[in-house]
Amino acid sequence: MKCDSNPIVLSALLLGLLLSCSDRDDSKRENPFEPGDDDTLFRIVTTSNADTLYLSWELTDPEFSFDHYCIELGKPATVKTVGRDETMSYFTRVPYNEPVSVAISLMEGGKAVSTSTTQVKIDGLDKVIAGVIIPDRGSVTAGDGMYSILLPDGRSIFLMGDSYVGTVTGGQRPTSDPMYRNTYIVYDNGKVSAIYGPEVTKMLLLPYLPVTPTSKNGTGRDTVLWRVISCTSSRR
């Protein structure tokens, strides 16, 4: 009896192919030319307020061997050394609205074993003063120049030049908002109160400011000079 062996051979080949496919690793293969997450030893986070740049970082491999950190600011050129256990630092007088490089290096034996560099740009806005002393409503909302004096009772008074007191909405103020020549803000434990308009038309004397005793005036008492804050009339 004749037997055609071709179907048998073909079936064997197909079975072998199926078995080889089932043994194949179908997991995703990583591109050997792309750096993985393990190549970054630490992550850097930057924030700012006014001209101060704040840095914080976190090691992704706490067991990595190094002695300390070396932090370099590109402009103004500044270098800081901080201990291995530190996770924060800061720089002041950083220029506004321009890219500035910051490099953090892990140092061991005087040599950098790993360095991460980033570019930062700060806006120069003092968000603390803007949010507390000159909020968008309920007080002086903008002023030209600012001086502050700590009062003996723990409060502070801020002296402003040309100022606005109108409400600011979405970063804009009405064009009808009048401008005052001088305004004053008293800060008391998170609360602010504004002095402006007719309240400063006459000479403003603040008896709770520091005073200066002078020589005896013949009565056995000191003559005290009151500190004058303003003797100008308000102008709208």
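Here is a chat between a student and an author about the words used for this predicted model.

Reader: What should I know before we start?

Author: This is a predicted model, where local features need pLDDT of at least 70, side-chain atom pairs count only at pLDDT 80 or more, and totals for chains, interfaces and linings use all residues. Residues are numbered from 1 along each chain as its sequence is written, and side-chain values use heavy atoms, with hydrogens and water left out.

Reader: How many helices and strands are there in the chain?

Author: The chain has 2 helices and 18 strands. Helices (H or I, at least four residues) and strands (E, at least two) are DSSP runs, numbered from the N terminus.

Reader: Why is S163 called buried?

Author: Buried means under 20% relative accessible area, exposed means over 50%, and partly exposed is in between (1.4 Å probe, protein chains only). S163 has 0% relative accessibility, so it counts as buried. Across the chain, 27% of the 236 residues count as buried.

Reader: Where does S163 lie, and what does S163 touch?

Author: S163 lies in strand β11 (residues 163–164). Leaving out residues up to four places away in sequence, S163 touches V140, A142, G143, P178, M179, Y180 and T183. Contact here means heavy atoms within 4.5 Å.

Reader: What makes the link between the side chains of S163 and T183 a polar contact?

Author: A polar contact is a pair of N or O atoms within 3.5 Å; within protein, one must be able to donate a hydrogen and the other to accept it, and residues adjacent in sequence count only if both atoms are side-chain atoms. The S163–T183 pair comes in at 2.7 Å, so it fits the 3.5 Å limit. A polar atom of the S163 side chain also lies 2.6 Å from the backbone oxygen of G161.

Reader: And V186, why is that one buried?

Author: With 8% relative accessibility, V186 is under the limit and therefore counts as buried. V186 lies in strand β13 (residues 183–188). Its C-alpha is 9.0 Å from that of L159, with their places 27 residues apart in sequence.

Reader: Why is K127 called partly exposed?

Author: Its relative accessible area is 42%, which falls between 20% and 50%, so partly exposed is the right label. K127 is found in helix α2 (residues 127–132). Not counting residues up to four places away in sequence, K127 touches S48 and N49. Its side chain reaches the backbone oxygen of S48 at 3.4 Å, although K127 and S48 are 79 residues apart in sequence.

Reader: How do you know that β1 and β2 pair up?

Author: Two strands pair if DSSP finds at least two bridges between them. Strand β1 (residues 42–49) and strand β2 (residues 52–59) are joined by 8 bridges and run antiparallel, so they pass. They form a hairpin with 2 residues between them, and A50 in the turn has a positive phi of about 55 degrees. N49 stands opposite T52 in β2.

Reader: What makes you say the charged end of K80 sits over the ring of Y90?

Author: A charge sits over a ring if NZ of Lys or CZ of Arg is within 6 Å of the ring centre and within 35 degrees of the ring normal. The charged end of K80 is 4.3 Å from the centre of the Y90 ring, so the distance part fits. The charged end of K80 also sits over the ring of F91, 4.9 Å from its centre.
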